[in-house]
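Please explain how the side chains of this protein pack and pair with one another. The account should proceed from charged contacts to the nonpolar interior and then to the aromatic rings.

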Amino acid sequence: MLDLFSSIESQEHDEILRLRQELEEANRLYYVENMPVLSDRAFDEKMRRLQDLEAAHPEWDDPHSPTRHVGSDVSKNSKFAQIQHRYPMLSLGNTYSRSEIEDWVRHLPDNVEIIAELKYDGLSISLWYEHGELVHALTRGDGVKGDDVLRNILTIPEIPKRLPYDAPDHVELRGEVLLPWKNFERLNQERASQEEPLFANPRNAASGTLKLLDPQEVERRGLTCFLYYLLGESLPGTTHFERLIKAREWGFPVAPWSKSCKT
């Protein structure tokens with residue numbers, strides 16, 4: 001019986017090592033090379049399995065495990081300045097299970113307001129405004145620091161370069177940079193005609209575009225953006241939804257499909 005237990009432990013240890021290596025490589029290919037090898041669901045299922053195994057075996061803890069950090073889009077040879085986030089830029093929690101959502105709802109306080117929004121498949125961006133001026137535009141990077149891609153963000157016409165007088169002196173807006181489908185299809189047609197590798201999907205095309213060193217080419221490809229979160233010490237309004245409405249009034253591209261729900 002003891003031999004059987006030892007065999008199972010050995011198998012689980014090997015699985016932990018394999019999953020860590022597989023997920024780290026998937027993160028590198030997704031965030032740095034823009035070449036996804038796993039679907040989002042397959043990645044999340046492997047990550048959940050690794051989390052469960054690590055919880056069952058704390059003796060095999062590793063601070064460098066992919067369960068302990070987000071995937072990084074920071075390139076070692078980046079030509080962009082790297083700046084530390086004021087607030088960590090982490091991944092959103094997710095689920096594919098209705099029962100998990102129902103369990104989450106049961107633990108909410110009474111009469112809580114829930115904001116339902118779409119999830120955008122793009123590249124995370126953090127816009128810093130100081131005294132009304134857009135001064136930095138950071139990618140998520142490794143969650144602690146990101147690449148400042150301000151010169152490329154300035155090519156997106158929907159993003160305000162200045163804020164109105166009633167905006168806070170210091171405010172950060174977060175959202176997703178996207179490549180619309182029609183622009184993605186045009187870009188891949190161009191690449192096919194030049195016998196260049198095609199982008200796998202609009203998200204990877206957006207990521208590759210935002211890291212280009214030529215702002216004119218970035219502008220030609222036609223990125224867009226949706227913003228969905230405000231950060232700062234003197235924000236307008238008292239709820240997330242009120243702040244989204246205010247950001248829209250300031251001229252930010254906030255998606256019109258968000259909804260405040262009571263149940």
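In this predicted model, the structure holds 21 salt bridges. Side chains of opposite charge can pair when their charged atoms come close. One of these salt bridges joins Glu54 to Arg20, with an N to O distance of 3.0 Å. The two partners come from distant parts of the chain: Glu54 belongs to helix 2 (residues 40-56) and Arg20 to helix 1 (residues 2-31), with their positions 34 residues apart. Both Glu54 and Arg20 are buried.

A further salt bridge is formed by the side chains of Asp166 and Lys246, again with an N to O distance of 3.0 Å. Asp166 sits in the loop between helix 4 and strand 6, whereas Lys246 sits in helix 8, so this pair ties together parts that are 80 residues apart in sequence. Asp166 has a relative accessible area of 36% and is therefore partly exposed. Lys246 also counts as partly exposed, because its relative accessibility is 22%, and the cut-off for a buried residue is under 20%.

The salt bridge between Arg220 and Glu217 is local. Its closest N and O atoms are 2.9 Å apart, and both residues lie in helix 7 (residues 215-221), 3 residues apart, which corresponds to about one turn of the helix. Arg220 is partly exposed at 38% relative accessibility, and Glu217 is partly exposed at 22%. Salt bridges can also be joined into a network, as they are for Glu15, Arg18, Glu22, Lys46 and Arg49.

Attention may now turn to the nonpolar interior. The largest nonpolar core comprises 35 residues, and those with the most contacts inside it are Ile125, Leu127, Tyr129, Ile153, Val177 and Phe252. Both strands and helices contribute: at least two residues each are supplied by strand 3 (123-130), strand 4 (133-139), helix 4 (150-153), strand 6 (170-178), helix 5 (181-193), helix 6 (202-210), strand 7 (224-231) and helix 8 (240-249). Strand 3 gives the most, with 4 residues. Apart from this core lies another one, of 9 residues, which includes Ile16, Ala26, Met47 and Leu53.

Phe252 offers a closer view of the packing in the largest core. When neighbours within four places in sequence are left aside, Phe252 is in contact with Tyr129, Pro160, Leu163, Leu173, Leu227 and Ala247. Phe252 counts as buried because its relative accessibility is 3%.

The aromatic rings add another kind of pairing, and the count comes to 5 aromatic pairs. Among them is the edge-to-face pair of Tyr129 and Phe252, with a distance of 5.5 Å centre to centre and an angle of 85 degrees between the planes. This pair also links distant parts of the chain: Tyr129 is in strand 3, Phe252 is in the loop between helix 8 and strand 8 (259-261), and the two are 123 residues apart. Tyr129 is buried, with a relative accessible area of 0%. Elsewhere, ring pairs link Tyr120, Phe226, Tyr228 and Trp257 into a cluster.

Nonpolar side chains also occur at the surface. Ile101, Trp104 and Val105 make a nonpolar surface patch of about 290 Å². Of these residues, Ile101 is found in helix 3 (residues 98-106), and its relative accessibility of 43% is why Ile101 counts as partly exposed.

Key:
Residues numbered from 1 in each chain as written. Predicted model: local features only at pLDDT ≥ 70, side-chain atom pairs only at ≥ 80, totals over all residues. Heavy atoms only, no water. Core = buried A, V, L, I, M, F, W, Y, C linked by side-chain atoms within 4.5 Å. Buried < 20%, exposed > 50% of the residue type's maximum accessible area, 1.4 Å probe, protein only. Contact = heavy atoms within 4.5 Å. Patch = residues over 30% accessible without salt bridge, like charges linked within 9 Å, V, L, I, M, F, W, Y side chains within 5 Å. Areas by Shrake-Rupley, 256 points an atom, 1.4 Å probe, with all protein chains shown as cover. Salt bridge = Lys/Arg side-chain N within 4 Å of Asp/Glu carboxyl O. Phe/Tyr/Trp six-rings, centres within 6.5 Å; stacked < 30°, edge-to-face > 60°.
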